[in-house]
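Hello,

Here is the structure I promised to pass on. Have a look at it first, and my notes follow below.

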Amino acid sequence: MQAFLKKFEHVVIIALITMMIVVVLLATVELGWIIIKDIITPPLFLLEIGELLEIFGFFLLVLIGVELLETIKAYLAAK
């Protein structure tokens, strides 16, 4: 039973890592799109407060995702 639980836990952790990679990748692409969109809309290269807050929010979201990915990887390495 213990062997089954360890295998199950390993599969769940691999699934979490895979999903987190997808989420971080999509969030990074979204962040890049938001930055490009905000820079090329008039007035060029000027960002309003709302746009800056949106960019910083996505930036922090990506950083949190990366940190979660590191935590999951550390948990897997410890096993």
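Let me begin with Phe 45, which counts as exposed at 65% relative accessibility. For that scale, buried means under 20% relative accessible area, exposed over 50%, and partly exposed in between, with a 1.4 Å probe and protein chains only. Phe 45 sits in the loop between H1 and H2, and its phi is near 60°, a positive value in a residue other than glycine. Pro 43 belongs to the loop between H1 and H2 too, and the peptide bond leading to Pro 43 from Pro 42 is cis, with omega near -5°. Helices here are DSSP runs (H or I, at least four residues; strands are E, at least two), numbered from the N terminus.

Before the rest, a word on the basis. This is a predicted model, in which local features need pLDDT of at least 70 and side-chain atom pairs count only at pLDDT 80 or more, while totals for chains, interfaces and linings use all residues. Residues are numbered from 1 along each chain as its sequence is written, and side-chain values use heavy atoms, with hydrogens and water left out.

Now to the core. The largest nonpolar core has 8 residues: Ile 13, Ile 17, Met 20, Val 24, Ala 27, Val 62, Leu 69 and Ile 72. By that I mean buried Ala, Val, Leu, Ile, Met, Phe, Trp, Tyr and Cys residues joined through side-chain atoms within 4.5 Å. H1 and H2 are the elements that give two or more residues to this core, and H1 supplies the largest share, 5 residues.

Two core members show how the contacts run (contact means heavy atoms within 4.5 Å). Leaving aside residues up to four places away in sequence, Val 24 touches Val 62, Gly 65 and Val 66. With the same neighbours left out, Ala 27 touches Phe 58 and Val 62. Ala 27 lies in helix H1 and counts as buried, at 11% relative accessibility. Its C-alpha is 9.9 Å from that of Leu 63, although the two are 36 residues apart in sequence.

What about the surface? Met 1, Phe 4, Leu 5, Phe 8, Val 12, Leu 16 and Met 19 form a nonpolar patch there, with about 750 Å² of accessible area together. Areas come from the Shrake-Rupley method with a 1.4 Å probe, and for residues only the protein chains shown count as cover. Patches take residues with over 30% relative accessible area and no salt bridge, joining like charges within 9 Å and nonpolar side chains (Val, Leu, Ile, Met, Phe, Trp, Tyr) within 5 Å.

The structure also holds 1 aromatic pair. The ring centres of Phe 4 and Phe 8 are 6.4 Å apart and the planes are at 25°, so the pair is stacked. The cut-offs are centres within 6.5 Å for rings of Phe, Tyr and Trp (its six-membered ring), with planes under 30 degrees apart stacked, over 60 edge-to-face and the rest tilted. Phe 4 and Phe 8 are 4 residues apart in helix H1, about one helical turn, and Phe 4 is exposed at 54%.

How many salt bridges does a search of the whole structure find? The search gives 1, a salt bridge being a side-chain nitrogen of Lys or Arg within 4 Å of a carboxyl oxygen of Asp or Glu. Glu 70 and Lys 73 form it, at 3.1 Å from N to O. They are 3 residues apart in helix H2 (residues 49-78), so about one helical turn separates them. Glu 70 is partly exposed at 40%, and Lys 73 is partly exposed at 39%.

Best wishes
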